[in-house]
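Here is a short round of questions on one protein model. Keep the sequence and the 3D view open as you read.

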Amino acid sequence: MDVYCRGATFEDLEEIYATIQDAFNANSQTGIRNAFKLMLKKPEDCRIIISKEMNKELIIGACPLFRYTCYFPPSELKSGGIFWFGIRKTYQRKGLGVILLQDVNNYLAREGFDLNLLFTGKANFYRQAGYEL
C-alpha cells in the first residue's frame with residue numbers, strides 16, 4: 001500500500017471529520033467538529049496519513065494534537081497532546097497507525113515540543129510503539 005503522512009490543511013478538515021467518525025464509530029461529527037475548533041491551533045497540528053490508490057488519494061487516518069504550556073516553576077515546558085488518534089476501520093491492523101505515530105513524534109520534535117502527552121484508552125498500542133505509560 002502506497003501511503004504518506006503530512007500536516008492537514010483547512011481543505012482536509014471535512015474528510016478528517018469523516019475519518020475520525022469512522023475510526024471511532026461516532027454517531028455524528030458535531031463533537032468532533034467542536035473539539036477541533038476548541039483544541040486545534042493550526043491545521044498542520046493534525047497529522048494525517050494518506051493512501052494513494054488508483055490515482056486517487058484518501059485520508060485514512062488522523063491524529064490531531066493540541067498545544068499547551070506545562071508550568072513547573074521556574075520552568076515552562078512546550079507540550080503537545082494526542083487526542084482522537086484514529087485509522088479508518090477498513091485500514092486498521094495493517095501497521096498504518098505506527099507509521100502515523102512516527103510522523104507525529106517527528107513533527108513534535110521538529111516543532112520543539114518538550115513533552116508529548118497522551119490521552120488514550122488503547123494503552124497496548126502505544127506501549128508497543130515505545131511509549132512509557
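Q: On the other side of helix 3, which residues are exposed?
A: This is a predicted model. Helix 3 covers residues 96-110. On its other side, the exposed residues are Ala109 and Arg110.

Q: Within what arc do the buried residues of helix 3 fall, seen down the axis?
A: The buried residues of helix 3 include Leu96, Leu100, Val104 and Leu108. Gly97, Leu101, Asp103 and Tyr107 are buried too. They line one face of the helix, because seen down its axis they fall within an arc of 155°.

Q: Which residue just after helix 3 takes a positive phi?
A: Helix 3 has 15 residues and reaches 21 Å from its first C-alpha to its last. Just after this helix, a phi of about 80° belongs to Gly112.

Q: How many disulfides does the structure hold?
A: A disulfide needs two cysteine sulfur atoms within 2.5 Å. The sulfur of Cys5 has its closest cysteine sulfur in Cys63, 10 Å away, so that pair is too far for a bond. For Cys70, the nearest cysteine sulfur is also that of Cys63, at 17 Å. The number of disulfides is zero.

Q: Is Cys70 buried or exposed?
A: Buried means under 20% relative accessible area. Cys70 has a relative accessible area of 14%, so Cys70 is buried.

Q: Which element supplies the largest share of the largest nonpolar core?
A: This core has 15 residues, and Cys63, Leu65 and Ile82 touch the most other members. Strand 3 and helix 3 each supply at least two residues. The largest share, six residues, comes from helix 3.

Key
Residues are numbered from 1 along each chain as its sequence is written. This is a predicted model: local features need pLDDT of at least 70, side-chain atom pairs count only at pLDDT 80 or more; totals for chains, interfaces and linings use all residues. Side-chain values use heavy atoms; hydrogens and water are left out. Helices (H or I, at least four residues) and strands (E, at least two) are DSSP runs, numbered from the N terminus. The expected span of a helix is 1.5 Å times one less than its number of residues. Buried means under 20% relative accessible area, exposed over 50%, partly exposed in between (1.4 Å probe, protein chains only). The arc is that of the directions from the helix axis to the C-beta atoms. A nonpolar core is a set of buried Ala, Val, Leu, Ile, Met, Phe, Trp, Tyr and Cys residues joined through side-chain atoms within 4.5 Å.
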